[in-house]
Amino acid sequence: MYQSFFGLVERPFNLTPDTHFIYPSPQHEGILKTLEYGINERKGFLLLTGEVGTGKTTLLRALLNRLPINVSTSLILNPLLSTEELLKSILKDFGCKTQAQTTHDMLDALNHFVLEKNRAGENAVVFIDEAQNLSFESLEMTRLLSNLETEREKLLQIVLVGQPELEEKLAEPRLRQLAQRIQIFCKLQPLDRTNLERYVHYRLERAGHRPMVEFEKSAFKELYRASGGVPRVVNSICENALLAAYSLDTRVISGNLVKKAAQEVPYHVHHS
């Protein structure tokens, strides 16, 4: 709608997790490298948490794109599953052809699969997004999966990705055995003021070679105040601001324009 007016090829502030737009901040790169290291070194359990809208799913997709071809992956996007359904989904993702129906038989089939991978010098990783929604039973099942190991190394790496509620769950006494196994823990924080500006410029440049739009300093100040640096909220406010600027026939985004745009976003933060 407004792309050509601002010299853009596509919309820069879509809410979908698109790795084309992932902003390579020092924090993002650091977390990606840490998780890559954990997978390559077969650390077993890895944990990534962050508030709603901080970009965990986009980061997860970027990580999947960076893994070498000798890493088999299972990606669970809907963790509201029973333990049996969880195991079935993991086996299906890995391409395991099995008639196993019981938990015991499915664990055997998975153990056979990861042993074969290990003999071939390959690795297997299960990624569970929105893991705060896992039941206690399913979380306990992930602990059993981490028992798949040789004398020297873990055969299956498990990456849990979720909101801070996941940390609270893992702190409960009945999950202490699982919590003790987490060897790598990363926490994705909202953008600080400097990186928020860079984030907006980066997305504009990714959406068009020579974008014809200017955010005034007051716009960034207001954007940070209203969003708290949470990328999803930043995107919503910026999208509204560009639409408003287009309707006003201006390519300059002022603080006042951002303030009005933020009022139309139901989950703006209003930091002081």
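Here are some short exercises, with worked solutions, on the predicted model above.

**Exercise 1. Work out the strand order of the open sheet and find which strands stand at the edges.**

Start with the order. The open sheet is made of 5 strands, and reading across you get β2-β3-β4-β1-β5, with parallel pairing. Next, look for strands with a single partner: those are β2 (71-76) and β5, so each has one side left without a neighbour in the sheet. Going from one strand to the next, the twist averages 15 degrees.

Now zoom in on one pair. β1 (residues 45-50) and β4 (residues 157-162) run parallel and share 5 bridges. If you want a residue to anchor your view, take Thr49, which stands opposite Gly162 in β4.

**Exercise 2. Find which strands helix α3 touches and which ones helix α5 lies across, and give an angle for each helix.**

Take α3 first. This helix (residues 83-93) packs on the sheet, where it touches β2 and β3 (123-128). Its direction makes about 140 degrees with that of β2.

Then move to α5, residues 136-145. This helix lies across β1, β3 and β4, and against β4 it runs at about 155 degrees.

**Exercise 3. Place Arg181 in the fold and list what it touches beyond its sequence neighbourhood.**

Step one is the address: Arg181 sits in the loop between α7 (176-179) and β5 (182-188). Step two is exposure. With a relative accessible area of 26%, Arg181 falls in the partly exposed class.

Step three is the contact list. Leaving out residues up to four places away in sequence, Arg181 touches Phe45, Arg143, Ser146, Asn147 and Lys154.

Finally, pick Ser146 from that list. Arg181 and Ser146 are 35 residues apart in sequence, but their C-alpha atoms are 8.6 Å apart in space. Their side chains are joined by a polar contact of 2.9 Å.

**Exercise 4. Count the salt bridges, then compare the exposure of the two partners in the pairs Glu239 with Arg11, Glu149 with Lys154, and Glu222 with Arg225.**

A quick reminder before you start: side chains of opposite charge can pair when their charged atoms come close. Searching the whole structure gives 13 salt bridges.

*Glu239 and Arg11.* The closest N and O atoms are 2.9 Å apart. This pair links distant parts of the chain, as Glu239 is in helix α10 (residues 231-247) and Arg11 is in the segment before α1 (26-40), 228 residues apart. Glu239 is buried at 11% relative accessible area, while Arg11 is partly exposed at 36%.

*Glu149 and Lys154.* Here the closest N and O atoms are 2.8 Å apart. Now the acid is the partly exposed partner, with Glu149 at 41%, and Lys154 is buried at 18%. You've already met Lys154 among the residues that Arg181 touches.

*Glu222 and Arg225.* The closest N and O atoms are 2.7 Å apart. Both residues belong to helix α9 (residues 217-227), and because they are 3 residues apart there, about one helical turn separates them. Glu222 counts as buried at 13%, and Arg225 as partly exposed at 26%.

One extra to look up on screen: Glu29, Glu36 and Arg66 are linked in a network of salt bridges.

**Exercise 5. Check the phi values of Glu130 and Asp249, then say where each residue lies and how exposed it is.**

Glu130 has phi near 55 degrees, which is positive even though the residue isn't glycine. You'll find Glu130 in the loop between β3 and α5. At 28% relative accessibility, Glu130 is partly exposed.

Asp249 also isn't a glycine, and its phi is positive at about 60 degrees. Its place is the loop between α10 and β7 (252-253). Asp249 is exposed, with a relative accessible area of 60%.

**Exercise 6. Count the disulfides, and decide whether Cys186 and Cys238 are buried or exposed.**

For the count, you need a pair of cysteine sulfur atoms within 2.5 Å. Applying that rule gives 0 disulfides.

For exposure, the cut-off for buried is under 20% relative accessible area. Cys186 comes in at 6%, so Cys186 is buried. Cys238 has 1%, so Cys238 is buried too.

Definitions and conventions:
Residues are numbered from 1 along each chain as its sequence is written. This is a predicted model: local features need pLDDT of at least 70, side-chain atom pairs count only at pLDDT 80 or more; totals for chains, interfaces and linings use all residues. Side-chain values use heavy atoms; hydrogens and water are left out. Buried means under 20% relative accessible area, exposed over 50%, partly exposed in between (1.4 Å probe, protein chains only). Helices (H or I, at least four residues) and strands (E, at least two) are DSSP runs, numbered from the N terminus. Contact means heavy atoms within 4.5 Å. A polar contact is a pair of N or O atoms within 3.5 Å; within protein, one must be able to donate a hydrogen and the other to accept it, and residues adjacent in sequence count only if both atoms are side-chain atoms. Two strands pair if DSSP finds at least two bridges between them. Axes are lines fitted to C-alpha atoms, for helices over the stretch in contact, and angles run from 0 to 180 degrees between N-to-C directions. A salt bridge is a side-chain nitrogen of Lys or Arg within 4 Å of a carboxyl oxygen of Asp or Glu.
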